[in-house]
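Work through the exercises below with the sequence and the model at hand. Try each task before reading its solution.

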Amino acid sequence: MRNDQAQGLRQLFVQGAVPTCAIGGAGNDAAVLAIAQAFAAQGERVLLLDRSRGGIAGCAGKRARHELWHVLDGDVPIGQALIPLGERLTLLPAARGLDLLAADTRDWRDVLAATIGAREAPFDLWLVHGMPPSAQGCDEPFFIVAPTRASVTRVYAQIKALVTAQGRRNFGVLVAQSGDSAAASAVFTGLAATAKRFLGVNLEFCGGLARDGVTSMDGLAPVARLRERIAASFAVRSRTPMVLAA
């Protein structure tokens, strides 16, 4: 079943192009890693681009010695920056590197694809841990919010920043560390109402993440919902597909 799902995802996407999704929020390193692992467990080859300062590597029990910036600066080859986290999951620390790509006049996805090159196996999905580097790619970013005032405030500020800088109007929201579905729904409802009233944006509720991780999700529903969002947004922009460098 998992292999069938992964094959269906690959057939949906244009050959050579890579669907990309950004997952924002605060203090969500473990949740983002769990989501990436869930995608990989279902047969998809995932590249996790980490915009934090080693947060994902630390959660995985690894140490990030190099990042994308060092590769782009010519200090190390891409193979020394990539960190295998499993058979189908690879981490690329990119806190400074994605900022550098975003400042380039070219599409950052093209540059990253060329940087990875043919040395590595092709990926089915790129997940960006953090804010999307530009308005290109990462359609309809996804936010993980905890049921605390600080987390809700931080996510609202990130949404506002993307509205101002990139003109985005649609976002997905997953409520993490929620005790039950009612609590998760209440957190989302308050955030969505405020974002709609003051920012004019639309938020989509993508479910609640149990305290003990993705494995406790009801049928992995939030991951399935995220897959649907990625597929839907990618289907639109795949009319002008990105071609990976050979």
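The exercises start with the whole chain and then turn to single pairs of side chains and to parts of the fold. The model is predicted.

**Exercise 1. The chain as a whole**

Task: State how many helices and strands there are in the chain, and what percentage of its residues count as buried.

Solution. Step 1: the chain holds ten helices and eight strands. Step 2: of its 246 residues, 50% count as buried. Step 3: the accessible surface comes to about 11,400 Å², and carbon and sulfur atoms make up 50% of that surface. Step 4: take the contacts in the chain with a separation of 6 or more; residues 24 or more positions apart account for 77% of them.

**Exercise 2. Salt bridges across the sequence**

Task: Find the salt-bridge partner of aspartate 124 and that of arginine 51, then place each pair in the chain.

Solution. Step 1: searching the whole structure gives four salt bridges. Step 2: one of them joins the side chains of aspartate 124 and arginine 45, with 3.1 Å from N to O. Aspartate 124 is in the loop between helix 7 (108-116) and strand 5 (125-129), while arginine 45 is in the loop between helix 2 (29-41) and strand 2 (46-50). The two residues are 79 residues apart, and the pair links distant parts of the chain. Step 3: aspartate 124 has a relative accessible area of 7%, so it is buried, the cut-off being under 20%. Arginine 45, at 29%, is partly exposed.

Step 4: the side chains of arginine 51 and aspartate 99 also meet in a salt bridge, at 2.1 Å from N to O. Because arginine 51 lies in the loop between strand 2 and helix 3 (55-59) and aspartate 99 in helix 6 (residues 97-102), this pair ties together parts that are 48 residues apart in sequence. Step 5: arginine 51 is buried, with a relative accessible area of 18%, whereas aspartate 99 is partly exposed at 45%.

**Exercise 3. A salt bridge at helix 7**

Task: Identify the salt-bridge partner of aspartate 107 and decide whether the two residues are buried or exposed.

Solution. Step 1: the partner is arginine 109, and the closest N and O atoms are 2.6 Å apart. Step 2: both aspartate 107 and arginine 109 are buried. Step 3: arginine 109 is listed among the buried residues of helix 7, together with Trp108, Val111, Leu112, Ala113 and Ile116. Step 4: the residue after helix 7 is glycine 117, which has a positive phi near 65°.

**Exercise 4. The surroundings of strand 1**

Task: Explain why strand 1 is described as largely enclosed, and name the strands that pair with it.

Solution. Step 1: six of the six residues of strand 1 (residues 20-25) are buried, so the rest of the structure largely encloses this strand. Step 2: both of its faces are covered, with Thr20, Ala22 and Gly24 buried on one side and Cys21, Ile23 and Gly25 buried on the other. Step 3: strand 1 pairs with strand 5 in the parallel sense over four bridges; threonine 20 has tryptophan 126 of strand 5 as its bridge partner. Step 4: strand 1 also runs parallel to strand 6 (residues 142-145), to which three bridges join it. Here isoleucine 23 stands opposite phenylalanine 142.

**Exercise 5. Aromatic rings**

Task: Describe the geometry and location of the ring pair formed by tryptophan 108 and tryptophan 126, then do the same for phenylalanine 143 and phenylalanine 171.

Solution. Step 1: the whole structure contains three aromatic pairs. Step 2: the ring centres of tryptophan 108 and tryptophan 126 are 6.2 Å apart and the planes are at 40°, so the pair is tilted. Step 3: tryptophan 108 lies in helix 7 and tryptophan 126 in strand 5, so the pair ties together parts 18 residues apart in sequence. Tryptophan 108 is buried at 1% relative accessibility, and tryptophan 126 is buried at 1% as well.

Step 4: phenylalanine 143 and phenylalanine 171 form a tilted pair, with 5.8 Å centre to centre and 55° between the planes. This pair links phenylalanine 143 in strand 6 with phenylalanine 171 in strand 7 (residues 170-176), 28 residues apart. Both phenylalanines, 143 and 171, are buried.

Note on methods: Residues are numbered from 1 along each chain as its sequence is written. This is a predicted model: local features need pLDDT of at least 70, side-chain atom pairs count only at pLDDT 80 or more; totals for chains, interfaces and linings use all residues. Side-chain values use heavy atoms; hydrogens and water are left out. Buried means under 20% relative accessible area, exposed over 50%, partly exposed in between (1.4 Å probe, protein chains only). Two strands pair if DSSP finds at least two bridges between them. Contact means heavy atoms within 4.5 Å. Accessible areas come from the Shrake-Rupley method with a 1.4 Å probe; for residues, only the protein chains shown count as cover. Rings of Phe, Tyr and Trp (its six-membered ring) pair if their centres lie within 6.5 Å; planes under 30 degrees apart count as stacked, over 60 as edge-to-face and the rest as tilted.
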